[in-house]
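Visitor: I am new to this structure, and I would love a close look at a single part of it. Could you pick one strand and walk me outward from there?

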Amino acid sequence: MVHQPIYLDAHATTPLDPQVLDAMLPYFTEHFGNPASVSHAYGWAADTAVKLARQQLADAIHADPEEIIFTSGATEANNLAIKGVAEAYFAKGRHIITVATEHSAVLDPCRYLESLGFELTILPVQSDGLLDLTKLEAALRPDTVLVSVMAANNEIGVLQPLADIGAMCGDRHILFHTDAAQAIGKVPLNVQTMKIHLMSLTAHKVYGPKGIGALYVRRRNPRVQLAPQLHGGGHERGMRSGTLYPPQIVGFAKAVAIALASQDSESHRLTELRQTLWSKIQQGVAGSKLNGHPIQRLPGNLNVSVPGVDGQALLVGLQSKLAVSSGSACTSATMAPSHVLMALGLDQELAYASIRFGLGRLTTWAEVDCAANHFVETVKALQQGG
Ligand SMILES: Cc1ncc(COP(=O)(O)O)c(C=O)c1O
């Protein structure tokens, strides 16, 4: 039997929870109806399931069900939020603010708008990955229509101060969007207390199915306008046309409900596992460096750089036993150093020699032990020229 490497890449994706699969299955076969079919029981059954899921997801972030717009994932939700607001508020202003460490699903739509004539400010972060709020405040202008700052970073796990950002934007009547793809089900999210106007979500980082996500769009205080990016049958209050996909929607809501039920205990467990992994690595590898704020981060995230080792060789050395990610991303045929790590001030070589560990619900103490040992042994072998 081939041994699978230990899965420590929970920021990339997570396995589907079997309870989620069970909840989804009837909606592929027995209840296959189109939720938009209002004239018969097949449609009603699917619609009832979608309504319940919408309510569960809204509850998870303290929103109203009509404020949830289903999308194919967080990439689409980010695109809809950013392009949709830019288009709808064109007459008010053309200035958008985001942050250097955002996911490309935020940065790229922003750059696209810049190419169309919008003005874009990309704020730097501090060396711990946190946004400097004085820099944000200084960047806000009367013609700023949108500030987009992620809830939790997908590489370094850093949690941005959403409530402070929300208050700052709210005071100035500027819309605040947050990409919470990595945060939902892991850290508390409250669109009311955090004064969030738009929030992107996805299911597959929280043991739900791939290909489903949502955009929260505030309806009151203020009512956010959004220009649809997909036109058609007028689904989702006209903001996102396309037949809804009940199995995925039911699975998404179930996954989030499961995660919320154990959020506190799981957060505590993962924090302990991550701290143990980090202590073992620190003890075993002299000079190893933690990337991102030590405390203001996702419980299951550890991002470590090892000065003086070749990043590619490190990743190859780890691959047989560990499924982890490196501080680089494939862009076409070339490997580019991570823009997130570069934004923290790391040089290219150190960014390459960085490993992201994503601990998740299935991660055990034995796996963390094994991962730490294998990491330390691999680094030592490389340092000795092995
Ligand atoms: C922070 C962040 N935003 C957006 C995405 C894209 O999400 P999806 O895969 O649902 O399109 C991801 C996933 O990689 C992510 O980590």
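Guide: Let's start at one pair of residues: H177 stands opposite L198, which belongs to strand β7. Please keep in mind that this is a predicted model. The two strands that meet here, β6 and β7, pair in the parallel sense over three bridges. On the β8 side, L198 has V217 as its bridge partner. That second pairing, between β7 and β8, is antiparallel and runs over five bridges. Such pairings rest on backbone hydrogen bonds, and they can be either parallel or antiparallel.

Is strand β7 enclosed or open to its surroundings? Strand β7 covers residues 198-202, and five of the five are buried, so it is largely enclosed by the rest of the structure. Try following the side chains along the strand. L198, S200 and T202 point one way, while M199 and L201 point the other way, and all are buried. T202 will come up again, since it is among the residues that surround the ligand.

Now step back to the whole sheet. It is an open sheet of seven strands, in the order β2-β8-β7-β6-β5-β3-β4, and its pairing is mixed. At the edges are β2 and β4 (119-123), each of which pairs on one side only. On average, neighbouring strands in this sheet are turned by 20° against each other, with direction ignored. Further along the order, strand β3 (residues 95-99) and strand β5 (residues 144-148) pair in the parallel sense over three bridges. One place to see this is H95, whose bridge partner in β5 is T144.

Helices lie across these strands. Helix α3 lies across β2, β3, β5, β6, β7 and β8, and runs at about 160° to β7. Helix α4 (residues 104-115) lies across β3, β4, β5 and β6, at about 150° to β3.

For a stop inside helix α3 (residues 74-88), look for N79. N79 is buried, because 20 other C-beta atoms lie within 10 Å, and 20 is where the count for a buried residue begins. Leaving aside its neighbours within four places in sequence, N79 is in contact with P109 and Q229. For a sense of distance, N79 and L21 are 58 residues apart in sequence and 28 Å apart in space, from C-alpha to C-alpha.

Next, the ligand. Its surroundings are made up of G73, A74, T75, H103, A105, M150, N154, D179, A181, Q182, T202 and G213. By character, this shell divides into four nonpolar, seven polar and one charged.

The loops have a few spots worth a visit. In general, most residues other than glycine have a negative phi, and most peptide bonds are trans. H62 has a phi near 65°, a positive value in a residue other than glycine. You will find H62 in the loop between α2 (41-61) and β2 (68-71), and it is partly exposed, with 15 other C-beta atoms within 10 Å. H173 also has a positive phi, of about 60°, although it is not a glycine. H173 sits in the loop between α6 (162-171) and β6 (175-179), and is exposed, with 11 other C-beta atoms within 10 Å. Finally, the peptide bond from N221 to P222 is cis, with omega near -5°. P222 is in the loop between β8 (213-217) and α7 (246-261).

To place our strand in the whole chain, turn to the domain assignment, which gives domain 1 (18-261) and domain 2 (263-383). Their C-alpha centres lie 28 Å apart. The contact between them takes 22 residues from domain 1 and 19 residues from domain 2. On the domain 1 side, the touching residues divide into twelve nonpolar, seven polar and three charged.

There is another sheet to see before we finish. It is an open sheet of four strands in the order β9-β10-β15-β12, with antiparallel pairing. Strands β9 (289-290) and β12 (325-326) stand at its edges with a single partner strand each, so one side of each is left without a neighbour in the sheet. Strands β10 (residues 301-305) and β15 (residues 354-358) pair in the antiparallel sense over five bridges, and N303 stands opposite R356 in β15. Helix α8 (residues 263-284) packs on this sheet, where it touches β9, β10 and β15, and its direction makes about 15° with that of β10.

Note on methods:
Residues are numbered from 1 along each chain as its sequence is written. This is a predicted model: local features need pLDDT of at least 70, side-chain atom pairs count only at pLDDT 80 or more; totals for chains, interfaces and linings use all residues. A residue is near a molecule or strand if its C-beta atom, placed from the backbone, lies within 6 Å of it. Ala, Val, Leu, Ile, Met, Phe, Trp, Tyr, Cys and Pro count as nonpolar, Asp, Glu, Lys and Arg as charged, and the others, Gly among them, as polar. Two strands pair if DSSP finds at least two bridges between them. Two residues are in contact if their C-beta atoms, placed from the backbone, lie within 7 Å. Axes are lines fitted to C-alpha atoms, for helices over the stretch in contact, and angles run from 0 to 180 degrees between N-to-C directions. Domain bounds come from an automatic or database domain assignment. A residue is buried if 20 or more other C-beta atoms lie within 10 Å of its own, exposed if 12 or fewer, and partly exposed in between; C-beta atoms are placed from the backbone.
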